[in-house]
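Hi,

Here is the structure I said I would pass on. Have a look at it first, and my notes on what turned up follow below.

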Amino acid sequence: MTQPVSSAQHNGPDKGVLTGPAAAPPSKKEGGGGPRVFGLRADVRNLSLLGVLAVLIAVGGITEPEAFLDTGNLQLILTQASVIGVVTVGMTFVITSGGIDLSVGAMVALASVWATTLATQEYGFAGILFTAVIVGLAAGLVNGVLVAYGGMVPFIATLAMLASARGLALQITDGKTQIVTVRSVLDLGLPDSYILGIPPLVLVFAAVTVAGWLILNRTTFGRRTVAVGGNAEAARLAGIDVRRQRLYLYLLSGLCCGIAAFMLIILSGSGQNTNGNLYELDAIAAAIIGGTLLSGGRGTIVGSVLGVLVFTTITNIFALNNLQSDVQQIAKGAIIVAAVLVQRRTLRNGET
């Protein structure tokens, strides 16, 4: 007599694809395998963000036409979006897996001040870049170990890292700004280094975005990330090492923070313990309004990038119109709440 197929049956641990009732809901995937109607929804969501961005550009062009539409200002918007954008790519992976990382801003600060000490600057460009990336990876490793193997809730583990990293950054700098004197690093922030009018930091952001999209949508690692976020127990039964996957994801977030720290060093020409302030808010907000599901199981790199551009453009418009920073924060908070409410309504409609 033929035995019934187990609900935990899978296509092998290398594929990371779940089948059966225990599988993660396919409707939460960004692409491939999900219902066609959801793919259309994803397109509509991205088109909606593009529409919002177009409206913001129109508003900026109307309120401050000379300043906003100036080539230098548009380059500034893209450059500022690049730093937080790289952080957001890493955050998107973490949130897609069902986790959260509140320490990204503090990791950027720690990596930037450690990479700009006098001892580090003696090793030049390579020394600063290497230190920033290694510090980011080390902080991400601590987060990953605490969450994956220590059994700590991501919120608590990364909150502890936030406090610790900020404190260590303050101790290293003693509250002072560390000026970068390495010419090869500073030159990357000058207009002479632009390629076809595009700042190098924007090109780095583009490269990270493309790499993130390919990893999330075209690799086993990306499929496992979605599976863990959709249903961790089903993923475990399918042969996925959930703990190791979560460790890798926090390492990836730390790597993105290290890269962003180096970009911020180029942009500001210094290292400060206040660097990356509220980056966690901006990264989470950009990912959520982009369509990444806060509860995990669905993530979109394209949406996150559009979310970053929307927030950066809003900040630029507010600055050009001399609006207070507290108004900017209120606007960001309102956008986050609205995005979460829209997500919940969309999910509720999808279940009915």
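L278 is partly exposed, with a relative accessible area of 34%. Keep in mind, here and throughout, that this is a predicted model. You will find L278 in the loop between β2 (270-271) and α13. What caught my eye there is the backbone: phi of L278 is near 65°, a positive value in a residue other than glycine.

D174 is another one to check for backbone angles. Its phi is positive too, about 55°, although D174 is not a glycine. D174 belongs to the loop between α7 and β1 (178-179). Is D174 buried or exposed? D174 counts as exposed because its relative accessible area is 58%, and the cut-off for that class is over 50%.

Now the pocket, which I guess you will want to open early. The largest pocket has a volume of about 520 Å³. Its lining is made up of 21 residues, and the ones closest to the pocket centre are Q80, I84, Y279, D282 and T315. Which helices each supply at least two residues of that lining? They are α3 (71-96), α12 (242-268), α13 (279-290), α14 (301-320) and α15 (325-351).

Two of those helices also turn up in contacts between parts of the chain. G90 lies in helix α3, and its C-alpha atom is 6.0 Å from that of L252, although the two residues are 162 positions apart along the chain. G90 has a relative accessible area of 0%, so it is buried. F318 sits in helix α14. With 16% relative accessibility, F318 is classed as buried as well, since the limit for that class is under 20%. The C-alpha atoms of F318 and Q328 are separated by 7.1 Å, with their positions 10 residues apart in the chain numbering.

On to the membrane annotation. The UniProt record, an unreviewed entry, marks "transmembrane region" over residues 44-62, 74-95, 102-119, 125-146, 153-173, 193-216, 247-267 and 301-320. I looked at two of these spans in the model. Residues 301-320 are 100% helix and 0% strand, and the end C-alpha atoms of that span lie 29 Å apart. For residues 153-173 the figures are 95% helix and 0% strand, with 30 Å between the end C-alpha atoms.

There is a nonpolar patch on the surface that you may want to colour in. It is formed by M152, V153, F155, I156 and L159, and together they have about 420 Å² of accessible area. L159 is found in helix α7 (residues 154-173), and F155 is in helix α7 as well. How exposed are these two? L159 has a relative accessible area of 38%, so it counts as partly exposed. F155 is partly exposed too, because its relative accessible area is 43%. F155 also has a partner from elsewhere in the sequence: L102 is 53 residues away along the chain, and the C-alpha atoms of the pair are 6.9 Å apart.

Last, the charges. How many salt bridges does the structure hold? There are two. One links R236 with E233, and the closest N and O atoms of that pair are 2.5 Å apart. Both R236 and E233 lie in helix α11 (residues 232-237), three residues apart, or about one turn of the helix. R236 is partly exposed at 47% relative accessibility, and E233 is partly exposed at 42%. The other salt bridge joins D187 to R183, where the closest N and O atoms are 3.1 Å apart. D187 is partly exposed as well, with a relative accessibility of 32%.

That is the list so far. If you go through the model yourself, the loop residues with positive phi, D174 and L278, are where I would begin, followed by the residues closest to the pocket centre, among them Y279 and D282.

Cheers

Key:
Residues numbered from 1 in each chain as written. Predicted model: local features only at pLDDT ≥ 70, side-chain atom pairs only at ≥ 80, totals over all residues. Heavy atoms only, no water. UniProt positions renumbered as here; feature names shortened; annotations may be inferred. Helix = DSSP H or I, 4+ residues; strand = E, 2+ residues; numbered from the N terminus. Patch = residues over 30% accessible without salt bridge, like charges linked within 9 Å, V, L, I, M, F, W, Y side chains within 5 Å. Areas by Shrake-Rupley, 256 points an atom, 1.4 Å probe, with all protein chains shown as cover. Salt bridge = Lys/Arg side-chain N within 4 Å of Asp/Glu carboxyl O. Buried < 20%, exposed > 50% of the residue type's maximum accessible area, 1.4 Å probe, protein only. 1 Å grid on protein atoms, 1.4 Å probe; cavity = no way out; pocket = protein on both sides within 12 Å on 5 of 7 lines; lining within 4 Å. Points joined across faces, edges and corners; volume = space filled by probe spheres on them.
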